Amino acid sequence: MIELMRASKTYDRGRGVRDVSFRINKGEWVLLVGGSGAGKSTILRMMYGALRPDNGDVIVGSHRLSLVKDKDLPTVRRLLGIIDQDLTLVADRSVYRNVSLVGEVLGWTKKQTRVQALRVLNRVGLHAHLDQYPHNLSRGEMRRLAIARALVAQPFALVADEPLIHLDHETATSIVELMAKIHAQGTSIVLATHRAELFDGYPVRKLYVENGELREGTP
Ligand SMILES: Nc1ncnc2c1ncn2[C@@H]1O[C@H](COP(=O)(O)OP(=O)(O)OP(=O)(O)O)[C@@H](O)[C@H]1O
Ligand SMILES: [Mg+2]
């Protein structure tokens, strides 16, 4: 469960988001939809603890983020599989090692790391690319790698900022299909997108962000 409770964040010149409240239950697939500058990334960043709200609060699982110290935030963030807008793949590590890095950081055994990394790379369809480097991947494959890395520690929710940006229609559709599979297997998904039409026919709940405010339902 993830909840925002009247969360607000003001940047310079008054921009930001105001009084945003919503709750995402386990198993839901939620889209944050809205134009450029509406506030989608700000909301996501407050959700995964990259940005502290000025007012209000955020709950992730059983944690109220205002009560979580900065040094403990990484532990809470691990409940979520985070994909930020620029993917942050590690350029000098292979596909396999981009994912196995998570196991190393978490102190998993070599065997556990290998099993989990291969499982998730299979799941996103990158099993034939284990030794390639990120710069040799197509844009769609890079997204798949970011998704694999986000999923390897089995988070209860995947949180993605613009996972379809710069993808052609066919590649974007294949990423949506992958997300549908991940969702059907029990992971909650929250994502920000300009391209809500690509999710027509999928069991998504849409939240509209406009001018720093959030509205549920039709645009
Ligand atoms: N670090 C920052 N400093 C100052 N203003 C910011 C900062 N980040 C965002 N803003 C402003 O806050 C508002 C919301 O930005 P945000 O990035 O959340 O929008 P967005 O909906 O994600 O847009 P996009 O679709 O272009 O990614 C915008 O007006 C933006 O200019
Ligand atoms: Mg954004």
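So, how many bridges join β1 to β2, and in which sense do the two strands run? Six bridges, and they run antiparallel. Keep in mind that what we're looking at is a predicted model.

Let me stay with that pair for a moment. If you want a register for it, look at L4, which stands opposite F22 in β2. There's a charged pair here too: the side chains of R23 and E3 meet in a salt bridge, at 3.7 Å from N to O. R23 is in strand β2, residues 16-24, and E3 is in strand β1, residues 2-10, so the bridge links distant parts of the chain, 20 residues apart. As a reminder, side chains of opposite charge can pair when their charged atoms come close. Searching the whole structure turns up 11 salt bridges.

Now zoom out a bit. β1 and β2 belong to an open sheet of four strands, ordered β2-β1-β4-β5, with antiparallel pairing. At the edges you have β2 and β5, the latter being 63-64, and each of those pairs on one side only.

Okay, next stop: β9, residues 205-210. Which strands does β9 pair with? One partner is β3, residues 29-33, and that pairing is parallel, over four bridges. To place the register there, V30 has R205 of β9 as its bridge partner. The other one I want to show is β10, residues 213-216, which pairs with β9 in the antiparallel sense, again over four bridges. Here Y208 stands opposite R215 in β10, and L207 stands opposite E216 in β10. The hairpin of β9 and β10 has two residues between the strands, and N211 takes a positive phi there, near 55°. If you're checking backbone torsions, that's the residue to click on.

Last part, the domains. The chain is divided into domain 1, which is 1-79 plus 159-219, and domain 2, which is 87-154. So domain 1 is written as two segments, with domain 2 numbered between them. Taken over C-alpha atoms, the domain centres are 23 Å apart.

What does the contact between them look like? On the domain 1 side there are 16 residues, and they're in contact with nine residues of domain 2. The buried area comes to about 1100 Å², and carbon and sulfur atoms give 61% of that. As for who's on the domain 1 side touching domain 2, we have eight nonpolar residues, five polar and three charged.

And how many salt bridges run between domain 1 and domain 2? The count is zero. What we do get between the two domains is four residue pairs in polar contact, with both residues at pLDDT 80 or more.

That's my tour; happy to go back to any of the strands.

Conventions:
Residues are numbered from 1 along each chain as its sequence is written. Chains are lettered from A and ligands numbered from 1 in the order in which they are written. This is a predicted model: local features need pLDDT of at least 70, side-chain atom pairs count only at pLDDT 80 or more; totals for chains, interfaces and linings use all residues. Side-chain values use heavy atoms; hydrogens and water are left out. Domain bounds come from an automatic or database domain assignment. Contact means heavy atoms within 4.5 Å. Buried area is the accessible area (1.4 Å probe) that two parts lose on being put together, summed over both. A salt bridge is a side-chain nitrogen of Lys or Arg within 4 Å of a carboxyl oxygen of Asp or Glu. A polar contact is a pair of N or O atoms within 3.5 Å; within protein, one must be able to donate a hydrogen and the other to accept it, and residues adjacent in sequence count only if both atoms are side-chain atoms. Ala, Val, Leu, Ile, Met, Phe, Trp, Tyr, Cys and Pro count as nonpolar, Asp, Glu, Lys and Arg as charged, and the others, Gly among them, as polar. Two strands pair if DSSP finds at least two bridges between them.
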